[in-house]
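This report introduces one protein structure to a reader who has not met it before. Please keep the sequence and the model at hand while reading.

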Amino acid sequence: MHTVMHNYTAAPEPPRCTGSIDSREVRFSRAMIFAIKEINNSTELLPGIKLGYQIYDSCASVPVAAHVAFQITNGQDPVFYKDGNCSQSGVVLAVVGESGSTPSISIARIIGSFNIPLVSHYATCACLSNKQQFPTFFRTIPSDQFQADALAKLVKHFGWTWIGAVRSDSDYGNYGMASFLAAAQREGICVEYSESFYRTNPRSKIQRVADVIRRSTARVVVAFAAVGDMTILLEELARDPPPPRQWIGSEAWATDPLLMSFSFCAGAIGVAIQRSVIPGLRDFLLDLSPTEAAASSVLTEFWEDAFNCSLTKTADSKKRVCTGSEDIKTLKSPYTETSQLRITNMMYKAVYAIAHAFHNAVCQETNFTIQCDKHYRLDSKQVFTKIQNVNFSRNGYPVSFDANGDPVAFYELVNWQKSESGVIEPVTVGYYDASLPKGQEFHINRNITWMDGGTQVPVSVCSESCYPGTRKVLQKGKPICCYDCIPCPEGEISNMTNSPDCFPCPSESWPNAQRDACFPKPVEFLSYDEVLAIILAAFSVSGACLAIITAAIFFHHRTTPIVRANNSELSFLLLFSLTLCFLCSLTFIGAPSDWSCMLRHTAFGVTFVLCISCVLGKTVVVLMAFKATLPGSNVMKWFGPPQQKMTVVFFTLVQIIICTVWLLLSPPYPMKNLSTYKEKIILECALGSAVGFWAVLGYIGLLAVFCFVLAVLARKLPDNFNEAKLITFSMLIFCAVWLTFIPAYVSSPGNFTVAVEIFAILASSFGLILCIFAPKCFIILFQPEKNSKKHVMNKN
């Protein structure tokens, strides 16, 4: 090894190629020659005009490619193979190539300044679509932007949201992966890692990338890499094969037969340029003799490398001299592999695109004949202008360019499947057509074999899907695809998978147990079907029956002293009002309606005032009766039966007036209580006007307190059957019940509010009937000897 010193007095040596020849690239160049010969023999395309060509080997090297570009623009002779018919020489009108994106960038920058169009068959970098930087660049292969979109939609199509990504550290890999990552982000796909490498990197770098793939949790790996780079990476992985991985390949390596020897890549899926047929090409490729190969330095190198012999007699001692019997038809190499013509057709179309541009510039069709001007001095700028508008089909494959110099994107979907013999082969399972409407670009028409030979689509997610009834909560510091599933809070649901939020049910609905659907809340009220309502109704009816029985007993013994001594008319009125009190509690049971809500409160208010008025009348009579025994007292004439009845009517009428005003201004009404219980609706009676309700209740309380005070004053009067003591006890119970009722009523939830109200009505009614009438009935029925005038008038 020596260092080259440049003294700038002599031209430096041109860059040289290193490495072995690529048989596939030789096939591309021979396909170009085949296309030019077809065109030169055509009577429809450029009739009478012959195309010449010069083939350069750039060796996939940027310095060599740049050197070639300068040679082309300098117009060195001979550029064309001249046969005497060339109208001009030394002027390049168009260039086909390059295969690689990076060399193409260098060539396009140089020749673009001279308006020389460059039509590439294999340079896919999305950066080349930039018309400001590369105005004269065209290609017959789709841009990596389309490929990146296709790969992202492919990953999304199969439900993978957690993937790994590797790429060639070149313009092809870096630009392609940048486009893919942007497309993946738009599709909601997360990337666990993104690693770059190049075939010339130290093994330690390749090893590190391989270890990242082995350790990753993502089961899908998208590789945007050139064939040479993928070969190095897969060789490193083969030393210690990783857990099963689903490989997703870019078109650069998805159909390469050499890579299919790596068995752990079986099941890989990739996009590929459409497989095509070029009639006559295979025969042309196989029609290559040693003599013809020796005439070209490139073909010489290819021949010697293919058959491991030398075409020259001064052969390398390590190689034998070719005998001339070598037959290219027996050769197994990428050069002779024509069953999967993909990129070769892109080269074929590129040549025809340039030829059509020439044709459109120098030929005219008149009367079904084609006239071409052989002496027309065509320049590269005219070719550049014409090539933008070419639109034709060749062998059934359309050729045209958009404003960016790109063709319509169409890819085949290729799956690496093992044949019966155990060999991995690429099988076309569908296609991707970018011209179709969004969401319809993919069409899969065959079964896919997945990694490890599986038939089920593998799963590659950072977190499992959140089922309905839960919502996603992102994990701190991790991509959006990594999340926890949190159950929806009370009263809220989510009815779709991977819901980011839960939403509340409508006010009259409630979630089911799974919290994935809303159902109408059950409506509850104190119905006759419930045990509590049945018990309360039974007590209500029993109380009414008890009051009726008591009245019957009193009526049967109405002439006895004990009945007559206790103001029998008020007693019968009191028993009647108690019967109504017991029965009015039934209006609180059942579904509330407009009429039942108004009835239950007013009936309760009026009947209880009637009841208390009777008790009050009895109390006043007892009290005044003993006061009237004083000499000269004339007080009883004001408390006779007519006055007692008027008192009862007056007190009751006041309550009727209060109830009437309440009903007229703001009556009670049925309502759905949604606030007490979140999970159910309580159907109850709203008070309408709280002032009206508490006025009714307050008036009852006022009469009860007044009655209680009078009874207390008369409790020590000396008659055996002084009712004051019994009334005192009954009013004590009454007041205690209703004082307890108020806080219980306010704090009781739902149906219990009604139950508390019914209980208060029953308890106070039972208190009155038992305290006032039970002792008298006991004497009437079981101690008749005490039911005498003597016993009644006896003083204690």
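The text below treats the nonpolar cores, one pair of helices, and several individual residues.

**Nonpolar cores**

The structure is a predicted model. Its largest nonpolar core comprises 94 residues, and within this core Leu46 and Phe180 have the most contacts. Helix α11, which spans residues 343–362, supplies the largest share of the core with 13 residues. A second core, separate from this one, holds 68 residues, including Ala603, Val609, Ala760 and Ile769. In soluble globular proteins, nonpolar side chains tend to be buried together.

Which residues does Leu46 contact, leaving aside its neighbours within four places in sequence? The partners of Leu46 are Ile39, Leu51, Ala355, Phe358, His359, Val362, Cys363 and Cys372.

**Helices α4 and α5**

Two packed helices are described by the angle between their axes and the distance between the axes. Helix α4 covers residues 144–157 and helix α5 covers residues 171–186; their axes come within 8 Å and cross at roughly 45°. Because of this angle, α4 is oblique to α5. The crossing in which α4 passes α5 is right-handed.

On the α4 side, the residues that meet α5 are Asp144, Gln145, Gln147, Ala148, Asp149, Leu151 and Ala152. On the α5 side, Tyr172, Gly176, Ser179, Phe180, Ala183, Ala184 and Arg186 take part. Sorted by class, the contact contains seven nonpolar, four polar and three charged residues. Phe180 of α5 thus appears in this contact, and Phe180 is also one of the two residues with the most contacts inside the largest core.

**Backbone geometry in loops**

The peptide bond that leads from Gly97 to Glu98 is cis, and its omega is near -5°. Glu98 is placed in the loop between β1 (95–96) and α3 (101–112).

Two asparagines have a positive phi, a value noted here in residues other than glycine. The table sets out their loops and accessibility.

| Residue | Phi | Loop | Relative accessibility |
|---|---|---|---|
| Asn115 | near 60° | between α3 and β2 (118–120) | 27%, partly exposed |
| Asn367 | near 50° | between β11 (363–366) and β12 (369–372) | 71%, exposed |

The class of Asn367 follows from its 71% relative accessibility, since exposed means over 50%.

**Ala690**

Ala690 belongs to helix α18, which runs over residues 690–713. Is Ala690 buried, partly exposed or exposed? Its relative accessibility is 40%, so Ala690 counts as partly exposed. Along the chain, Ala690 and Ile779 are 89 residues apart, and their C-alpha atoms are separated by 45 Å.

Definitions and conventions. Residues are numbered from 1 along each chain as its sequence is written. This is a predicted model: local features need pLDDT of at least 70, side-chain atom pairs count only at pLDDT 80 or more; totals for chains, interfaces and linings use all residues. Side-chain values use heavy atoms; hydrogens and water are left out. A nonpolar core is a set of buried Ala, Val, Leu, Ile, Met, Phe, Trp, Tyr and Cys residues joined through side-chain atoms within 4.5 Å. Buried means under 20% relative accessible area, exposed over 50%, partly exposed in between (1.4 Å probe, protein chains only). Helices (H or I, at least four residues) and strands (E, at least two) are DSSP runs, numbered from the N terminus. Contact means heavy atoms within 4.5 Å. Axes are lines fitted to C-alpha atoms, for helices over the stretch in contact, and angles run from 0 to 180 degrees between N-to-C directions. Angles under 35 degrees count as roughly parallel, over 145 as roughly antiparallel, 65 to 115 as roughly perpendicular and the rest as oblique. A crossing is left-handed if the near helix is turned anticlockwise from the far one by less than a right angle, and right-handed if clockwise. Ala, Val, Leu, Ile, Met, Phe, Trp, Tyr, Cys and Pro count as nonpolar, Asp, Glu, Lys and Arg as charged, and the others, Gly among them, as polar.
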